[in-house]
Amino acid sequence: MDFDLTKAQKLLQESARTLLARECPHERVRELMETETAFDEKLWQSIAEQGWTGLLIPEEYGGLSLSLVEMAAVVEEMGRACLPGPFISTLWASALIDVVGSAEQKKKYLEPISAGDTKATIALIEQSADWDAASARMRADREGNHYRLNGRKEFVTDAAIADVIICVAWDGKEIFILPVKQGAHGLTVTATPGIDATRKLYRVDFEGVLVPASEVLGTGGRALEAIDRATSVATVALSAEMLGGMQWTLDTTVEYAKTRQQFGRPIGIYQAVQHMCADMLLMTESARSAVYYAAWTVSENDPQARHAVSIAKAYCSDAAREVGNRGIQAHGGIGFTWEHDLHLYYKRAKGSEIMFGDANFHREQLAKLVVDEHTD
Amino acid sequence: MDLNLTPEEQQFSDELRAWLKDNVPPPWEGSNDNEEESHAYFNYLRDWQRKVFEGGWAAISWPKAYGGRGASVIQQAIFQEEWARANAPMLVNGLGLALIGPTIIVHGTEEQRARFLPRILSAEEIWCQGFSEPNAGSDVAALGTKAVLDGDHFVVNGQKIWTSIAHFSDWILLLVRTDANAAKHKGITALLVDMHSEGVSLRPLRQLTGESGFNEVFFTNVRVPVSNVLGKINEGWTTAITTLMNERANLGTSIYVAYKRNLDALLERAKVTTRFSRPAAEDPVIRQKLAQAYLELEIFRLNTYRSLSKLAKTKVPGPEGSISKIFWSEFNQRFQQTAMETLGPWGQLKELDDNRWVYGYLRTRGNTIEAGTSEIQRNILAERVLGLPKSY
């Protein structure tokens, strides 16, 4: 048993850290968050050149065929850099296509995603704001060789920059997964500015959008299972991103506590400040254990994978917020300014806490698995 | 990264499991609340450790030359998990096996190793640890128990406190001040002291749980041969650090299994205790709290495995052990509160589950104090892991 990254995994992570420090400094994050889509083509291309857009995608579709553990190692560094843009959205969509798509569909979508030519997202939740895919009620009605989509999706990440929006809809009986091209007739994408300006959210309206029946990615129980699997993958990646944000906040706060002087001494000499930092360390390291365990169990199809994903997201959701709270408090006034970078991470943490279900959501998932199933 | 057991680890696990299956005695049925019964329980545990020793399982982490198996840290973790899973009784000489034996292995002379280690393994001699004093708790190095050289003996005078199992012990690893003029860490010596020596007396301390697990120990002109110095004279702090690092390095895997058993018992109770005519297990708030307990306990296990993987490479327990100490002690306090909330009025009764919940709830108050308070553990993390300046 070895619960540690291998040498190759560590090298991959270090190279991600180096590249992102160079290509995505905080000045760039701030510039991008002021733009409409927070997307930077040049930055996206340098990520694609590393193979990260296809890191999980099978080699036959131009990917690297690596595991979720490697993905977590890279995404952790994206979190440390507070990388803006559609990486998690595209990862979520590509994981779904990889699980549910036909060979032809995989070739069509996964090859250009691997190459960095296509960005994608998933339009799942609606006004009810329910992360349970089975609750999707946007209509998809059969009309000859097409499905006609009518309805509204909310909280769709990166919808304005995605080349394809994978839509989860309902025909009155079962769930459908359908790809909708950006710019399709009847599709309206409206920005809904939120707490985190580095990951944009949109309201997406479908007014009679037509999708050829041959393009349907999946239906019914199989579609729900596929969404579940893809969302597990993306949830682990998002948790890894949250971990990277926690690590940045911890490092930055400790550095500040060593240099900031009050009463003639660095504030890090005072136990009130030390203990906040120690708590941040405890939470960050515990999040690390949870994230990599979840990455390993999902990639191994371990029977504990469902538990592990909810453990990771529930813990990271609370811990990322609490680490941010302590980081701002330990910084004092400067931590409350727009000028300091802490708020970039603080806001990202809140947005991520909500995405794919918060701690309460995942604790209820765990209760279903552990309290209801308990037969000792 | 690979969380599967290697074939060697699996074989070790199978061998141990088979041995436990054949040898674990029936659980102790008597009580533990009067002197006669506690002695009977103690003898039950001592017999058990002898059997374990004869099976070659008493101190698997010790080098083979001293009666151990030279087990890897992963094997040690497997050992603790299997032990707890088999509901095997504790090893009565736990302090000797986990803390004092390893310290003697590092700092002892060959004569000391030959004299003491075999009797620690067989439980022929029980050990306790004499570090804390009334005025030296978290600040152990402020200790004042004095030892003055008189020919080839030290003469010891002073008092120790919070000394677990002193009332059953034959020997004590004692920290004494041998140079009052040196800086506080420099004038300390570690002595191996026979508890049956003239001038040693003790008084049990009753805990808020009602039991007496630890003691005050008094030393009045106790004569200790110089040959019983462990390490060097006036360099006892180095010896003590070895003991303390072993204390913090407690692998945590047995704690996990014990706590998992508590959680499982609570999940069962949650089905039969009701709220508004429905089982507590269906109450949304209780469900949140039970799920939180479950996920924290799992993270404790995962943290443990990550530390073990690191320890397997570095070989030296690091200050990260403080994360584990804070985590399990504070988890247990939160868990016992969740248990009380889940059990409702029944939680306060000693008759429920043989006093499991009342005792468990009260006992957790000690968890964040014993083996280094939470505050000391946070100081260690801040200063030794994060590199913040020392506050004292």
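**The largest cavity**

Start in this predicted model with the largest cavity, which holds about 130 Å³ of space. Select M242(A), G245(A), M246(A), Y345(A) and A349(A): of the 15 residues in the lining, these are the closest to the centre of the cavity. Now colour three helices of chain A, α7 (220-259), α9 (305-331) and α10 (342-354); each supplies at least two residues of this lining. By class, the lining residues are eight nonpolar, five polar and two charged. The count of cavities of 30 Å³ or more comes to five.

**The second largest cavity**

Next, go to the second largest cavity, with about 50 Å³ of space. Select its lining: W52(A), T53(A), G54(A), L55(A), L56(A), I57(A), M71(A), F87(A), T90(A), L91(A) and S94(A). Helix α5 (residues 87-100) of chain A gives the most to this lining, with four residues. Which classes are found here? The lining has seven nonpolar and four polar residues, and no charged ones.

**Helix α8 of chain A**

Select residues 271-299 of chain A, which form helix α8. Put a distance label between the C-alpha atoms at its two ends: they are 41 Å apart. At 1.5 Å a residue, the 29 residues of the helix should span 42 Å, so the distance agrees with the expected span. Is α8(A) largely enclosed or largely open? Buried residues make up 26 of its 29, so α8(A) is largely enclosed by the rest of the structure. Step past the end of the helix to N301(A), where phi is positive, near 50 degrees.

**Strands β2, β3 and β7 of chain A**

Stay in chain A and select strand β2 (residues 139-143), which pairs with β3(A) in the antiparallel sense over five bridges. Strand β3(A) covers residues 146-157. To see the register, pick R139(A); opposite R139(A), in β3(A), stands N150(A). The hairpin of these two strands has two residues between them, and G144(A) in this hairpin takes a positive phi near 65 degrees.

Now add strand β7 (residues 201-212) of chain A, which is joined to β3(A) by ten bridges and runs antiparallel to it. Return to N150(A): its bridge partner in β7(A) is E207(A). N150(A) can thus be viewed with R139(A) in one strand and E207(A) in another.

Further along β3(A), select F155(A). Most residues other than glycine have a negative phi. F155(A) is not a glycine, yet its phi is positive, at about 55 degrees. With a relative accessible area of 42%, F155(A) counts as partly exposed.

**Chain B: domains and a loop residue**

Move to chain B and colour it by its domain assignment: domain 1 (7-92), domain 2 (127-239) and domain 3 (249-385). Taken over C-alpha atoms, the centres of domain 1 and domain 2 of chain B are separated by 29 Å.

Select A59(B), in the loop between α2 (35-54) and α3 (73-85) of chain B. Is A59(B) buried or exposed? Its relative accessibility is 6%, so A59(B) counts as buried, the cut-off being under 20%. Add G101(B) to the selection: the two residues are 42 apart in sequence, while their C-alpha atoms are 9.2 Å apart in space.

**Strands β1, β4, β5 and β8 of chain B**

Select strand β1 (residues 127-130) of chain B and look at both of its faces. W127(B) and Q129(B) lie on one side, C128(B) and G130(B) on the other, and all are buried. The strand pairs with β4 (residues 171-177) of chain B in the parallel sense, over four bridges. Follow Q129(B) across to its bridge partner in β4(B), L173(B).

From β4(B), seven bridges lead to β5(B), and these two strands run antiparallel. L174(B) has L191(B) as its bridge partner in β5(B). Select all of β5(B), residues 188-194: six of its seven residues are buried, so the strand is largely enclosed by the rest of the structure.

Continue from β5(B) to β8(B), paired in the antiparallel sense over two bridges. Here A190(B) stands opposite L230(B).

**Last stop: N234(B)**

Finish in the loop between β8 (229-230) and α6 (236-248) of chain B, where N234(B) lies. This residue, other than glycine, has a positive phi, near 70 degrees. N234(B) is partly exposed, with a relative accessible area of 25%.

Conventions
Residues numbered from 1 in each chain as written. Chains lettered and ligands numbered in written order. Predicted model: local features only at pLDDT ≥ 70, side-chain atom pairs only at ≥ 80, totals over all residues. Heavy atoms only, no water. Expected span 1.5 Å × (residues − 1). Buried < 20%, exposed > 50% of the residue type's maximum accessible area, 1.4 Å probe, protein only. 1 Å grid on protein atoms, 1.4 Å probe; cavity = no way out; pocket = protein on both sides within 12 Å on 5 of 7 lines; lining within 4 Å. Points joined across faces, edges and corners; volume = space filled by probe spheres on them. Nonpolar A, V, L, I, M, F, W, Y, C, P; charged D, E, K, R; others polar. Domains from an automatic or database assignment. Pairing = 2+ DSSP bridges.
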